[in-house]
Amino acid sequence: MQSNKRLAALVAVLLCGAPNLGAQQPMTLAPTWVGTIDGRTEARLWIQDRELAGNRIFLALARGADQGFTVRRIDARTGDVAWTTTHVSDDLAGGPGREGVVDLAVTADGSEAFTIALPGIRITRFRGSDGVPCVVDIFPGANGEELVLTPREDRLVALGEGIVAAYDRASGTRLWTTSLPIGDVGELVADYRRAYVIAGDEVLALRLGDGSIAWSADVSGLAATTLEKGPGDEPLVVSGGGILFAGGGGSRGLDPATGAVVWSDGLPGQKITALSPDRNVVYRLNSGVALTSQPPELNALDVRTGAVLWSSPLPQQFGIGVTELSVSGDGTLLALPALWGNIQVHETAGGTLVADIPFAPIGKQTQFGALFGPGHDTLISHGGTNGGVPPVPNVVLAQDLNGNERWSRLVRGEGSAEDVLADAVLSPDAQRYFLGGDSASKLLLGAFEAGSGETLWTLDENDASGAEHLVASDHMLFAATESELLAHDGREGKRVWRRTTEGVNDLLVSKDGRALYVARTVPGAVDSGIGVQKIDAATGVERWSMIFDGAGGDDRPGALALSPDGQTLYVAAEKRQPTPTVATLALHEESGAVRWEALSPEPRNWSALEVVPSQDGDRVFVLGGTRFFAYEAATGAEVWKTPAVGQPAATQGPPPVTCGLSPDGSRLVGAGFGFKVVANKFLPIWRAFTVDTNTGLVDWDREISVNQSSEVMDVIVTGTTPTVIVSGQRSSTLFVGLDLETGDELFNASAVSSSQPGSIRVASSSDRVLVGHTQGGITADLRAAVYDLPSLVSSLSPVSLATGGDREFRVRFGAANVDATYAILGSASASGGGIPLREGVVLPLEPDAYFALTLGPSRDGFRGFRGRLNAAGEAHAMLVVPPDSDPSFAGVELTHVAITMAPDGTIDLSNPVALTLEP
């Protein structure tokens, strides 16, 4: 009833004007299609975790930089591999560094395994029978560290830096998320009622029902780094009482109901622990203190009282090198694997040493971990070769207690080639998308159907070095390598011609596809010059060439462009001496003769060179060094130049490095990477900005936060409703879409895994974006993907309830929907089953009061919420917010969807846009 009253009040306010709408969160786009040029070489795997469930061993393996991770199931009795599955999820962002498992959890019967892994962080379920993976969730924290199943195995609990989350095991539904008071966390364990976490100097107990903190216990001085499950069933019950054991620079027993300290000791040294099967005894390795009289020792403690049942001294070096403890299934033996390749086995009754087993099945090895297999007479170990830092785990070995090998398995994977993208281009007719790069110093090329993603052809050639520049006509693909120009048929990939040409900086094809223009650096006896060639595109025959050499110093061309009438070829170049200078050349297209030369000194020249003619052909714009220059196309006279764009006083680093022109020719768009100084720290950012082409004044200049240093690789303006697309590596983001009018961020698209800096290119095809990039780090493939731009966006800045304002919506269904009727509808209720419109079409809104309001007649507060699409298949709408709106509406989320119906009755739905009402 209260909810109905609230909606009725919301309707009353919106009848005379809408309340405040908060900032729209930029949506993340999923690819429409993906194509990959597959690699061919082997990748190394790292064993990161393993679990034993009955006779099943589960291995969690990292596959190297950004290549996913592998889970493998092995029969513990025979070593036979039951299945191996590699998982790289298409819907997740790439993570920093190596992609791999952080923790592994397995059900007691081995029916399911769960991992928390980079990038993402993602939580994935694997079927124990065949290893089929399914992403359960994206962990809400910045990282994930621990993953445990509760004793009943009905819930999965995950720990990250400052966050704990719980999931229903059967459905994967996230039940709750709890933020911890401190980000520095240690281990995670759970009993039947609670999860326990070490956070800084405290142990926290969280209720499994809702994640609330039941109690916290101060363990300062303990230096606790491990938290082990104590004995217990209801919960952690031993002789009618429960104890939670914490071990680190000392040990304590805690009452799990209150957190009260039951017992403690202050023994120094790192503690490594294991529990007896009946959970009454904790076996503890005190590693001792190196270079002192404090020796390492193995002891057994009564968990209820902390009393030491027995102690057994260990050799000084061995104690420090132990990595873990493992108890046999019958509880009689204890295994201590050491870093330098041997395993000591002790009796649990008194700590007596019964075996010292070497681990050296293949050359000299380093021991990493060991556990008892089925029964108590087999040890299953994993380790790696000596020599790496750290050594790389690559062997799983089963031995009896005499050290005899029962079986061993090398751990290796399929991997991918070290392919690096150099360039990606779209054919002028938007039919084909091309990738070019390097595969182990070989030429790598690929062609894809732009509409469907079908692979047309790929080439991997030994007789040519890697591609460095690509350009395409409707029917041909041209590639520049380190020493050659190559021409291929764009549809079939057949080689048409090749010629020796070194030092290429840029390629350009004429509009009719008949001429290829080449800008290259020409080495000289003293300095280098600027070389330009015109080549017959069909035959590779040179039509003319010229070399321009300035008054001294090394000169280098940067970019080429043709005037709109095709009569003038522009060359943007740089001169290094006597001072850095931006040089612009205008050449007769037919002969190569110089029409004019413009030299603009640029003291802070970072070699960013782009050239863009105006649409009317009257001016030519050049991005060079730290600013834009505008020249008269007829004479080369300088019209204006900007200040050092993208370089406010608080920002350091390179200027924008790439630029484009808006469809109406009124704005230049630039983008680049730099650093912002905040509290004496350098924070990496992307910068994007627009410049008025008539005046040279900056319209807007936006910062886009990024998580790591990375180049901006490309910027384009696409779509009939212009959108700025900035590409590069923003953590794992391939590109970001900005509103051309305001610079507001609208959407972004993320990579499957992190992409190498300097490897991303974008091209546009109507309202689609085609992306080429390198997928992976140490080993990699070339990847092509197409993204459809969203058909509904809201792009204006937030409006407050107190001051009022408006919010613009842009609808763009494309030219196929010219003159079709449309409407923008919304709802304020949580998403349910939606509203079925016809078979297979469901409107993802709920029929509440706000829905009825948007469905009704047009009102002043909802301008343009219904009507007809224009000749481009687009429309604009405005939601007007009056000042002094009721602040009680803060927190209500409104979801909007655009709908259109073509004359033939076809219904199209846009993506949903969620807006939150704020104070």
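## Strand β46

Seven of the eight residues in strand β46, which spans residues 515–522, are buried, so this strand is largely enclosed by the rest of the structure. Buried here means under 20% relative accessible area. The model is a predicted one.

Strand β46 has a partner in β45, which covers residues 504–509. These two strands run antiparallel, and five bridges link them. One pair to find is V509 and L516: V509 stands opposite L516 in β46. The hairpin of β45 and β46 has five residues between the strands. In that hairpin, G513 takes a positive phi near 75°.

Strand β46 also pairs with β47, residues 529–536. This pairing is antiparallel too, and eight bridges join the strands. Look for T521: its bridge partner in β47 is I530.

## Strand β9

Now move to residues 122–127, which form strand β9. Five of its six residues are buried, so β9 is largely enclosed by the rest of the structure.

Strand β8, residues 112–117, pairs with β9. The sense is antiparallel, with six bridges. Here E112 stands opposite R127 in β9.

Strand β10, residues 133–138, pairs with β9 as well. Again the sense is antiparallel, this time over five bridges. In this pairing, F126 stands opposite P133 in β10. The hairpin that connects β9 and β10 has five residues between the strands. Its G131 takes a positive phi near 80°.

## A rule for reading strands

In a regular strand, side chains alternate between the two faces of the sheet. Keep this in mind when tracing a strand along its length.

## The whole chain

Next comes the full protein chain. Its secondary structure comes to 79 strands and three helices. The chain has 919 residues, and 58% of them count as buried.

How do the contacts spread along the sequence? Take the contacts between residues at least 6 apart in sequence: 50% of these join residues at least 24 apart. A contact means heavy atoms within 4.5 Å.

Finally, consider the surface. The protein chain exposes about 35,500 Å². Carbon and sulfur atoms supply 50% of that area.

## Recap

Strand β46 pairs with β45 over five bridges and with β47 over eight. Strand β9 pairs with β8 over six bridges and with β10 over five. Each of these pairings is antiparallel.

Note on methods. Residues are numbered from 1 along each chain as its sequence is written. This is a predicted model: local features need pLDDT of at least 70, side-chain atom pairs count only at pLDDT 80 or more; totals for chains, interfaces and linings use all residues. Side-chain values use heavy atoms; hydrogens and water are left out. Buried means under 20% relative accessible area, exposed over 50%, partly exposed in between (1.4 Å probe, protein chains only). Helices (H or I, at least four residues) and strands (E, at least two) are DSSP runs, numbered from the N terminus. Two strands pair if DSSP finds at least two bridges between them. Accessible areas come from the Shrake-Rupley method with a 1.4 Å probe; for residues, only the protein chains shown count as cover.
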